[in-house]
Amino acid sequence: MLENLASFGGALAGFLTPEALFATLWATFVGICVGMMPGLTATLGVALMTTLTFRMAAGDAILILICMYVGAIYGGSRSAILLNMPGTPASAATTLDGFPLARSGQAGHAMATATSGSVLGSLIGMICLAIFAPWLAEFALDFGAYEFFWLAVFGIVISGHLTALDDPLKGWIAGFLGLLVAMVGQEGIHAYERFSFGNSDLAGGIGLLPALVGAFGFAEILSVMKNRPYRVVADAVDSVIPKVREVLSYWRTIIRSGLIGTTMGLVPGVGEDMGAWVSYAAARRASKERKKFGKGSLEGLMSAETGNSAAVPGAIIPVLTLAVPGSAPAAVLLAAMYIHGVRPGPLIMIEFPSFVFEVVAMILLASLAILLYGILLTKPLLRVLAVPREKLMPVVFVLCTVGSFAIASRTFDIWVMLAFGLIGFVLREMKYPMAPLVLGIVLGDILDKSLRRGLVLSDGDPAPFFTRPISLVLWLAVAVTIAMSIPVVRAAVTRGVGSAMHALGVRKKQEANE
Amino acid sequence: MPRADFITGLALIALGVGALMQSLAMPRFADLGVNPYTVPGLVPGLLGAIIAGLGGVLTLRAAGNGGWRMARAETQTPDRAERGREWRRLLITLALTVGYAGGLVGSIPFPLATGLFMLLFILLFTPDEQWKTIPLWRTLVVAVVIAGATATIVTLLFERLFLVRLP
């Protein structure tokens, strides 16, 4: 423990230079602006920033990306409170109480609550990252091809299920489409060009970043321009400074939401929006003022913001230890780490022992930056919301075009961005979630190599895929998730559990009478 | 959206079957003594089959909800005029963005392409009420200034500061 603390202290000291602090401030600022604007998401922000920073030193670039990520998730709360439109999907739960508070003239108070929730959520997630990442990395050393195969399948199934709760089938379709996209290009064992149809650009594979910039950037531009323009419907006239005593009165909600948010972040491809929704639901169940939820409850707002911000470090834990992203922006972060020569995965504590604690220090700096901006710059920053969409969206599209081209200098990547933008737009209009698609593109290579390597190791015997302890747990989780989303099975299980509980209750009553 | 789901389901079946057939046609390298469990078509073939299966489930479910009646109107749109305006905005955006990224960029100098794209985008999406309330010359000057500034700043920022090659 002391050794880890020393590593963290050393990492933090390394970032206390004017250059790193300046980078923290401007990247978090840009992140907040990106998060505030409906149509610009954290994923797009991190993806565009990756294309801008890929020539920088690894430490500087990852610091900028993490500040962008933390800032964007926090920034989403501004538009959720003032426009009743979540700036990022992660802030959807924030609108439920944030907007009613703003309508009642307490927009500043709501934003102060969101600031404190976001800062504390990030800090709780950060502590969990510092504690669990080294432990999980050590545990992951036991993972072989069989376990990584099931981890990839589990990621797709659980992400598809949780990001499309009303219709998991569409989530799974998105996930498997992502896996199929990842199959395009030269495969890693025999260097055979799959689905390239003789095209040398396709043989190089579909780049993750152009695909993401298309699916999260161009698709959003199409959505924003298709809909009516948004209007600022409330203004912050009251104080935006968080009140310490009031914040402390919600300590139970903050700790609970922080832990739930971190846990939801850990689940592959689920991310910040589920972190917020699950924290919000748990806070409502436990609250004494549950009737106020949805009508302007500070506790509800606090839980949603703590939950989504805690999910950020939570989503980075599997990135570092398993090379599996916990959310869509974390998938971009994973790609950026590869670009900069960092190889996340079970060997991270052996190959890059100080890197985990450098990431912890980066999150701390980003959290302090959002606190600073939340206190000092909330009101001036709100002017960003007044920029008309017809002036903002073309700038964003120019950045999408240049960003897609920048990494590999291939015009083909611009076409990939356009194609994925169109596909993403159509899928979104038809209620398909984007996170499983992204996760599929990232996990495709792991799934492909792990299945084939596993079969070679077992000489074609599928048994180890089902009998090794970790594999067993993972495939059972996959099977239960799929089974429970079939209405007939779910109804039968619910009935069975209900009657078993009833029988148990009757028996206990009889025993008590005797 | 049963009709859209029905069509998507059929498209997914076609995609899945296509991927499966392509995978089966991939080489097995048996003459090179390659382990049969490492053949390149194994995973894409499985994924193709799964996607075709999921597409089948989607099709059947949509058909059960009446999605097979292709000619039937999907939903009664409450505001047909607004729907028309939505389509118009979407098509203009598509034309401008695809025209810029797929046509202008790479054909003419990047700052010029970006300036033209910005100018057209701003002018075509300026709200009607602004044309009525603000003098024409002012709207035009503002659009030209923003377009020129964006083209210059993006070019300088990427090329000089971030040392990134532009298309």
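In which crossing, left-handed or right-handed, does α19(A) pass α3(B)? The crossing is right-handed, and a crossing gets that name if the near helix is turned clockwise from the far one by less than a right angle, with anticlockwise giving left-handed.

Before we go further, a few conventions will help. This is a predicted model, in which local features need pLDDT of at least 70, side-chain atom pairs count only at pLDDT 80 or more, and totals for chains, interfaces and linings use all residues. Residues are numbered from 1 along each chain as its sequence is written, chains are lettered from A and ligands numbered from 1 in the order in which they are written, and side-chain values use heavy atoms, with hydrogens and water left out.

Let us stay with that pair between the chains. Helix α19 of chain A covers residues 389-406 and helix α3 of chain B covers residues 80-104; helices here are DSSP runs (H or I, at least four residues), numbered from the N terminus. Their axes are 11 Å apart and the packing angle is about 35 degrees, where axes are lines fitted to C-alpha atoms over the stretch in contact and angles run from 0 to 180 degrees between N-to-C directions. A:Arg389, A:Phe397, A:Val398 and A:Thr401 of α19(A) make the contact with B:Arg89, B:Thr97, B:Tyr100 and B:Ala101 of α3(B), contact meaning heavy atoms within 4.5 Å. By class, these are 4 nonpolar, 2 polar and 2 charged residues; Ala, Val, Leu, Ile, Met, Phe, Trp, Tyr, Cys and Pro count as nonpolar, Asp, Glu, Lys and Arg as charged, and the others, Gly among them, as polar.

Now step back to the whole interface. Chain A contributes 60 residues and chain B 63 residues. About 5400 Å² is buried between them, 79% of it from carbon and sulfur atoms; buried area is the accessible area (1.4 Å probe) that two parts lose on being put together, summed over both.

Charge pairs also link the chains. There are 3 salt bridges between chain A and chain B, each a side-chain nitrogen of Lys or Arg within 4 Å of a carboxyl oxygen of Asp or Glu. Over all chains, the search finds 14. Among those between the chains, B:Glu86 pairs with A:Lys226 at 3.8 Å between the closest N and O atoms. A:Lys170 pairs with B:Asp5 at 3.1 Å between the closest N and O atoms. That pair runs from helix α8 (residues 168-182) of chain A to helix α1 (residues 2-24) of chain B.

Following α8(A) into its own chain brings us to helix α21 (residues 435-457), with the axes 6 Å apart at an angle of about 45 degrees. That angle makes α8(A) oblique to α21(A), the class left over once angles under 35 degrees count as roughly parallel, over 145 as roughly antiparallel and 65 to 115 as roughly perpendicular. The crossing of α8(A) with α21(A) is right-handed. Residues in the contact include A:Gly171, A:Gly175 and A:Gly178 of α8(A), and A:Gly440 and A:Gly444 of α21(A). The contact divides into 10 nonpolar, 5 polar and 1 charged residues.

A:Val181 of α8(A) also takes part in the contact with α21(A), and A:Ile206 touches A:Val181, A:Val184, A:Ala211, A:Val416 and A:Phe420, leaving aside residues up to four places away in sequence. A:Ile206 sits in the loop between α9 (200-203) and α10 (208-226) of chain A.

Definitions and conventions:
Helices (H or I, at least four residues) and strands (E, at least two) are DSSP runs, numbered from the N terminus.
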